[in-house]
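Thanks for making time for this today. I would like to walk through one model with you, going from its strands to its helices, and I will give the cut-offs as we go.

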Amino acid sequence: RAGASEPIMFATFESVPGSQTKVTKPIPERLEAAVQRAQRWLALQDKPNEQKRIALLYYNNPPGKGNLGASYMAIFPSIAAILQRLHDAGYRTSPSLPDERQLIQLLERSGRNVELWAPGELQDMVENGSLTLVSLKKYKSWFAKLPRPFREATIRRWGSPEQSKLMTITSRDGEKFFVIPGIRMGNIFVGPQPLRSTFEEAANMAHDTVTPVPHQYIAAYMWYRHEFKADAITHIGRHGTLEWLPGKQAGQAGWDTSEVLLGDLPNPYYYGLDGGAPPP
């Protein structure tokens, strides 16, 4: 109603011991987060469009070719329209943008999540698609810098990074890699939001605010931020990395999942306003 967006709690209202007086106490970590977020939005405004790097993420959970979706949004015409608008605004995209049919073919080949029961399919996608690989060594260097409460919760549920199985492959020399599906078109990345769980748990995980996200989910967002160097991440359709994740949904701290994964990045979020299935 007030036009507010991205609220960040940066202070508390507390009583002074032995007095009826109340004072406002700043939360230094949250003040810094608010400043950094504002700086990133200003940088996004001022940076020439041709230099901006944008990640477009859509929903694909449970995984599969038939489940590239966005909760009652028409994902392929929507992404095609977004790409065209970005191209017209001067963003660096492919010389020739794919139409809806070509986009389907590209994303079915390189923009899907694959479950544990189909390791051969994941290997085939890696060999014949345009997927990105993040080495276990690189991921561990990123993971080590994340807040301790977040790391500890992840390890309690999923084990160490070395134990990861979901969306991983092992090379012939025994090195493990996290697989990041998606396609690059100039400075634009288009790919699926990572899996929050295994297939058996998927139905229960969509609105699970307790179970930590797996290592590959974390690896993907670290790659968007640190390797692809996104200036913004746009989620297309439910459920983006702003909701239904472990930790608080509002008034977050720096170790809550959305804050850890997105950091200070601008995060536009598109989804259907009806909030559910169409009427019968």
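How many bridges join strand E3 to E9, and do the two run parallel or antiparallel? Five bridges join E3, residues 54–58, to E9, and the two strands run parallel; pairing here requires that DSSP finds at least two bridges between two strands, while the helices (H or I, at least four residues) and strands (E, at least two) are themselves DSSP runs, numbered from the N terminus.

Before going further, I should say that this is a predicted model, in which local features need pLDDT of at least 70 and side-chain atom pairs count only at pLDDT 80 or more, whereas totals for chains, interfaces and linings use all residues. Residues are numbered from 1 along each chain as its sequence is written, and side-chain values use heavy atoms, with hydrogens and water left out.

For the overall picture, the protein chain has nine helices and 10 strands, and of its 280 residues 47% count as buried, where buried means under 20% relative accessible area, exposed means over 50%, and partly exposed lies in between, with a 1.4 Å probe and protein chains only. If we take the contacts with a separation of 6 or more, residues 24 or more positions apart account for 72% of them, a contact being heavy atoms within 4.5 Å.

Let me return to E9. Five of the five residues of E9 are buried, so the strand is largely enclosed by the rest of the structure; Ala232, Thr234 and Ile236 lie on one side, and Ile233 and His235 on the other. In the pairing with E3, isoleucine 54 has alanine 232 of E9 as its bridge partner. E9 also pairs with strand E10, residues 269–270, in the parallel sense over two bridges, and there the bridge partner of histidine 235 is tyrosine 269. Histidine 235 has a relative accessible area of 0%, and its side chain makes a polar contact with the side chain of tyrosine 221 at 2.7 Å. A polar contact here is a pair of N or O atoms within 3.5 Å; within protein, one must be able to donate a hydrogen and the other to accept it, and residues adjacent in sequence count only if both atoms are side-chain atoms.

Now to another sheet, an open one of three strands in the order E4-E6-E5, with antiparallel pairing. E4 and E5 stand at the edges with a single partner strand each, so one side of each is left without a neighbour in the sheet. Three bridges join E5 to E6, and threonine 170 has lysine 176 in E6 as its bridge partner. Helix H5, residues 136–143, packs on this sheet and touches E4 and E6, its direction making about 70° with that of E4. The axes behind that angle are lines fitted to C-alpha atoms, for helices over the stretch in contact, and angles run from 0 to 180 degrees between N-to-C directions.

Last comes helix H4, residues 119–128, whose buried residues are Leu122, Met125 and Val126. Seen down the axis of H4, these fall within an arc of 100°, so they line one face of the helix, the arc being that of the directions from the helix axis to the C-beta atoms. The face turned away from that buried side carries the exposed residues Glu127 and Asn128. Among the elements covering the buried residues of H4 are helix H3 and strand E4.
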